[in-house]
Amino acid sequence: MKRMLLLLVILLVTGCTLNVNEKSNKCIIATSFPGYDFARAIVKDTGIDVKLLLSPGVDMHDYELTPKDMVDIENAELFIYVGGESDEWVKKVLNTTDKKLNTYKLMDAVKLLDEEIKPGMESDGGEEKSESDEHVWTSPINAIKIVEDLTKKISELFPEYESIFDNNSKSYIEEIKLVDSDIRDLINNTSKKTLIFADRFPLLYFTREYNLDYYAAFPGCAHETEASAKTIAFLIEKVKRENIPVIFTIELSSGNIAETIKKETGVKVSTFETAHNVTKSDYDNGVTYVDLMKRNISALREALK
Ligand SMILES: [Zn+2]
């Protein structure tokens, strides 16, 4: 009993939710994979713990705050969130907590784009109030800006590790730059510029960065995932007319719309990793944002052939 109590006390006084073998009591917690991945790269070899609030394999848009997560957030040295629709609950946390939390918002680091409704997309049909698209991290150039900016923030909180952070940050940015130049090479060597997403479309920052055109079933991360016959017919027509070899779904999607289009056209279906979250096995294997982008490069190579 005494031992259990002791364990409980340790759990309460240390930062993130701890596995028994973790010794760090300094902790950074992130609502979604990009913030988690960037922070993890920056604090490497310092013993600072980084936790992903979202369970691996769970759609970020389905997350619901638990009392335990609330405690973890309040105990963390830094709380990283996106700042958009998908973690809108953060506003409530920041308004209700008595603690002074250190926070970092990804959407503050880059120039924002408004969500876009393209021809053929399902939209709410209601008023077209333009909202900023939250998926800033999907552009590798933005990812670099966020890593640079987040490094400053983390250095302010843990000045004793500043030089380690700087080195880690520089080498991670080099990796992202390589991804960026591989994508540019690929796009400069093909005449095809159109991507078809038989799914939601959280990749506006990515396609704008590389001057790619796209058609998709839904804008941003719209909740509905059933597309109308009209939307599906529109995408089928695009695949046929533009001779599209590969269409995309995004990770953790049902893939239903893509299957329908595949049946009709014989097109290949690939996954585009938007990095909201990763699967359990990717999480366990320590897969990074850069790894996900490399998968995307392979998929793009086929799609733009
Ligand atoms: Zn999203």
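In this predicted model, helix α5 meets helix α6 through a long list of residues: Pro-140, Ile-141, Ala-143, Ile-144, Val-147, Glu-148, Thr-151, Ile-154 and Ser-155 in α5 face Glu-162, Phe-165, Asp-166, Ser-169, Tyr-172, Ile-173, Ile-176, Lys-177, Val-179 and Asp-180 in α6. "Contact" here means that the C-beta atoms of two residues, placed from the backbone, lie within 7 Å. Sort these contact residues by type and you get 11 nonpolar, 3 polar and 5 charged. Nonpolar covers Ala, Val, Leu, Ile, Met, Phe, Trp, Tyr, Cys and Pro; charged covers Asp, Glu, Lys and Arg; the others, Gly among them, are polar.

Two quick notes on the ground rules. Residues are numbered from 1 along each chain as its sequence is written. As this is a predicted model, local features need pLDDT of at least 70 and side-chain atom pairs count only at pLDDT 80 or more, while totals for chains, interfaces and linings use all residues.

**Two helix pairs**

How are α5 and α6 arranged? Their angle is about 175 degrees, and their axes are 9 Å apart. That makes α5 roughly antiparallel to α6. The axes are lines fitted to C-alpha atoms, for helices over the stretch in contact, and angles run from 0 to 180 degrees between N-to-C directions. Under 35 degrees counts as roughly parallel, over 145 as roughly antiparallel, 65 to 115 as roughly perpendicular, and the rest as oblique.

Now take α8 (residues 229–241) and α9 (residues 256–265), which pack at about 50 degrees with axes 10 Å apart. So α8 is oblique to α9. The crossing of α8 past α9 is right-handed, meaning that the near helix is turned clockwise from the far one by less than a right angle (anticlockwise would be left-handed). On the α8 side the contact uses Ile-232, Leu-235, Ile-236, Val-239 and Lys-240, and on the α9 side Ile-257, Thr-260, Ile-261, Glu-264 and Thr-265. By type, that contact has 6 nonpolar, 2 polar and 2 charged residues.

| Helix pair | Angle | Distance between axes |
|---|---|---|
| α5 and α6 | about 175 degrees | 9 Å |
| α8 and α9 | about 50 degrees | 10 Å |

**The sheet and the helix across it**

The protein has 11 helices and 8 strands. These are DSSP runs numbered from the N terminus: helices are H or I with at least four residues, strands are E with at least two. Four of the strands, in the order β2-β1-β3-β4, make an open sheet with parallel pairing. β2 (49–52) and β4 (103–105) stand at the edges with a single partner strand each, so one side of each has no neighbour in the sheet. On average, neighbouring strands here are turned by 20 degrees against each other, direction ignored.

Let's zoom in on β1 (residues 27–30). It runs parallel to β2, joined by 4 bridges; strands count as paired if DSSP finds at least two bridges between them. Cys-27 is opposite Asp-49 of β2, and Ile-29 is opposite Lys-51 of β2. Cys-27 and Ile-29 point one way from β1, Ile-28 and Ala-30 point the other way, and all are buried. Buried means 20 or more other C-beta atoms within 10 Å of the residue's own, exposed means 12 or fewer, and partly exposed is in between, with C-beta atoms placed from the backbone.

Which helix lies across β1, β2 and β3? Helix α2 (residues 33–43) does, running at about 170 degrees to β2. All the way along, α2 is covered: 11 of its 11 residues are buried. The cover includes β1, β2, β3, α5 (140–157), α6 (162–188) and α11 (289–303). After α2 comes Asp-45, with a positive phi near 70 degrees.

**Another strand pair and two loops**

β7 (residues 246–250) has 4 of its 5 residues buried. It pairs with β8 (residues 268–272) in the parallel sense over 5 bridges, and one bridge joins Phe-248 to Ser-270 in β8.

In the loop between β7 and α9 you find Leu-252, whose phi is positive, near 65 degrees. Leu-252 counts as partly exposed because it has 18 C-beta neighbours inside 10 Å. Asn-211 sits in the loop between α7 (204–209) and β6 (213–216), and its phi is positive too, near 50 degrees. Is Asn-211 buried or exposed? With 8 C-beta neighbours inside 10 Å, Asn-211 counts as exposed.
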